[in-house]
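User: Please take a close look at one part of this model, the surroundings of the ligand, and explain each term as you go.

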Amino acid sequence: MSIHIAAKKREIAPVVLLAGDPLRAKFIAQNNLKKVKRVNKVRNALYFTGTYKGKKITVGASGMGIPSIGIYSYELYAEYDVECIMRIGTCGAYLDSINVFDCINTDIAYSESTYAQTAFNFSENHISHQGKMFDVINTTAKNLGIPVLSGAIHSGDAFYRVDRELPKMAKEYNCLAAEMEAFALFANAKYFNKQAAALLTVSDNIVTHVQISAKEREKSLAVMTQLALESAVRL
Ligand code: HPA
């Protein structure tokens, strides 16, 4: 048991998929895993462990934003001996050439956040994906014929902004998209020498303002979920 997760140690698998939304974690677990058991419900941050094609996998919630995923992924690595965490989430595209439903495998996360500096004295404004999971996702996507972009993304602290210009950091480092979690996940993995990846589906385009509906969101996430699970069995 950790401060925010009440599962017993052996109830969490070495490979964990983290969705922002607890109900999405529940949906993924109940529709894809066998022998599923709910292993955490503290704060309604639902975690489920089961098997996919015989491999033990945990699917759970990270919550939204760097502080939240920072806490959950830290405790998973530190207290539950988790080796690999794959964030599966949505993002907003910064380029008009990127379409809703596109999948992005995050190579590097840039952020203005003080999280990595405060937690670990990591002074850089970017942290790479950690370990081989990024490559496994790209290879699996190729084998399954799922198109995936890879590149830098921007882990921001503000979803709503008054400024209509793209954030300075996004322009400076050619970030493909905005999300709010990968930087903290990568920082924790780097500190613990574990694996981390962030697989994202574009849910909106920040330049063109095209968005997908809640219903479409569910459908599009099915492709990302399949890619995530198929990658997880290859780890
Ligand atoms: N900004 C930040 N995070 C996001 C967005 C966005 O536009 N869309 C989905 N997650």
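Analyst: By class, the shell around the ligand has five nonpolar, three polar and two charged residues, where Ala, Val, Leu, Ile, Met, Phe, Trp, Tyr, Cys and Pro count as nonpolar, Asp, Glu, Lys and Arg as charged, and the others, Gly among them, as polar. This is a predicted model, in which local features need pLDDT of at least 70 and side-chain atom pairs count only at pLDDT 80 or more, while totals for chains, interfaces and linings use all residues. Residues are numbered from 1 along each chain as its sequence is written, and side-chain values use heavy atoms, with hydrogens and water left out.

The residues that surround the ligand, each with a heavy atom within 4 Å of it, are Thr 90, Cys 91, Gly 92, Phe 159, Ala 178, Glu 179, Met 180, Ser 203, Asp 204 and Ile 206. Among polar contacts, which are pairs of N or O atoms within 3.5 Å, a ligand nitrogen lies 2.8 Å from a side-chain N or O atom of Asp 204. Polar backbone atoms also take part, with a ligand nitrogen 3.3 Å from one in Gly 92 and a ligand nitrogen 3.5 Å from one in Thr 90. Taken alone the ligand exposes 260 Å², of which the protein buries 86%, with accessible areas coming from the Shrake-Rupley method with a 1.4 Å probe.

Turning to the elements, strands here are DSSP runs (E, at least two residues) numbered from the N terminus, and those giving two or more residues to the shell are β5 (84-93), β9 (177-179) and β10 (195-205). Strand β5 provides the largest share of that shell, three residues.

Methods:
A polar contact is a pair of N or O atoms within 3.5 Å; within protein, one must be able to donate a hydrogen and the other to accept it, and residues adjacent in sequence count only if both atoms are side-chain atoms. Helices (H or I, at least four residues) and strands (E, at least two) are DSSP runs, numbered from the N terminus.
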